[in-house]
Amino acid sequence: MKGITTILFDIDGTILDTSDFIIKAAKYALSELGYKVPESFAIAKNVGKAFPDFYFSLTGSNKDTEKLIEIHRAFQYSNFNLARLFPNSLETLTNLKKKGYQLGAVTSRSKKTSHQTLIDAGIFELFTIVISNEDAEELKPNPAPLLRALEYLKEIPKKSVMIGDSHLDIEAGKNAGTKTIRATYGFHKDNLHNPEPDFFISDIKELLPLLP
């Protein structure tokens, strides 16, 4: 992949294994308010959506959205240890940084939880910019958060690539005009070819030969 100077990463399911961090929080919140708790795979399919949409998909109602989000976040604030690096994330990110690439992260999670999980994983300082849900007018698949990151990094989309495990990440990259790489090891196993990314990776270390 030639001509790339800047790499934008999704966080959940791409850099960090946050399956327990997110799914256990959702199950706890739903249980606390008496909702039927879906299977883990059903919750995982909705990861990456804005919080109101996430809980509407799980409950079919907007009635308790604010309370569900409050309980969800309180659970996460007490359980940051549930977010872990994927194997090879640290080494891959460190090598890409040493090669001279600019690294940014773009997530639909809150600033508090996204920053803290990256800090706890020991990789926060590898990113020049982390865009969370408070930092842009719209969330992925809208290109706004990616364009905000690229504006900060002073780079144009055609010299950048977006990497994520969701079709939302790939759509956002295409909408922004970047190259796209789909990670197949995260939350999302569906819509792998809709839209079609430029490349697939089954392990984050596969970025190293793609981005020499």
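This tour visits a series of aromatic residues, then a threonine, and finally a group of strands. The structure is a predicted model.

**Aromatic pairs**

A search of the whole structure finds 8 aromatic pairs. Begin by selecting Y28 and F75, which form a tilted pair with 5.4 Å from centre to centre and 35° between the planes. Colour helix 1 (residues 19-32), where Y28 lies, and helix 4 (residues 65-77), where F75 lies; the pair therefore ties together parts that are 47 residues apart in sequence. With a surface displayed, compare the two residues: Y28 has a relative accessible area of 36% and is partly exposed, whereas F75, at 16% relative accessibility, counts as buried because the limit for that class is under 20%.

Next, select F51 and F54. This aromatic pair is edge-to-face, with the centres 6.2 Å apart and an angle of 70° between the planes. Both residues belong to helix 3 (residues 51-59), and since they are 3 residues apart, about one helical turn separates them. F51 is buried, as is F54.

**An aromatic cluster and a charge**

Now select F21, Y77 and F80, which together form one aromatic cluster. Keep Y77 in view and add K112 to the selection. The charged end of K112 sits over the ring of Y77, at 3.9 Å from the ring centre.

**A threonine in helix 3**

Return to helix 3 and select T59, which is found in that helix. What lies 3.0 Å from a polar atom of the T59 side chain? The backbone oxygen of S61 does. Then display L30, Y35 and L68: T59 touches these residues, when those up to four places away in sequence are not counted.

**Strands 6, 7 and 8**

Move on to strand 7 (residues 179-183). Of its 5 residues, 4 are buried, so strand 7 is largely enclosed by the rest of the structure.

Select strand 6 (residues 160-164) as well. Strand 6 and strand 7 run parallel and are joined by 4 bridges. To see one position in this pairing, label G164, which stands opposite R182 in strand 7. Adding helix 8 (residues 167-176) to the selection shows how strand 6, helix 8 and strand 7 make a right-handed β-α-β unit.

Finally, select strand 8 (residues 199-201). Strand 8 pairs with strand 7 in the parallel sense, over 3 bridges. Which residue of strand 8 does R182 stand opposite? The residue to label is F200. R182 thus concludes the tour, with G164 opposite and F200 opposite as well.

Note on methods: Residues are numbered from 1 along each chain as its sequence is written. This is a predicted model: local features need pLDDT of at least 70, side-chain atom pairs count only at pLDDT 80 or more; totals for chains, interfaces and linings use all residues. Side-chain values use heavy atoms; hydrogens and water are left out. Rings of Phe, Tyr and Trp (its six-membered ring) pair if their centres lie within 6.5 Å; planes under 30 degrees apart count as stacked, over 60 as edge-to-face and the rest as tilted. Helices (H or I, at least four residues) and strands (E, at least two) are DSSP runs, numbered from the N terminus. Buried means under 20% relative accessible area, exposed over 50%, partly exposed in between (1.4 Å probe, protein chains only). A charge sits over a ring if NZ of Lys or CZ of Arg is within 6 Å of the ring centre and within 35 degrees of the ring normal. A polar contact is a pair of N or O atoms within 3.5 Å; within protein, one must be able to donate a hydrogen and the other to accept it, and residues adjacent in sequence count only if both atoms are side-chain atoms. Contact means heavy atoms within 4.5 Å. Two strands pair if DSSP finds at least two bridges between them. A crossover is right-handed if, with the strands pointing away from the viewer, the path from the first strand over the helix to the second runs clockwise.
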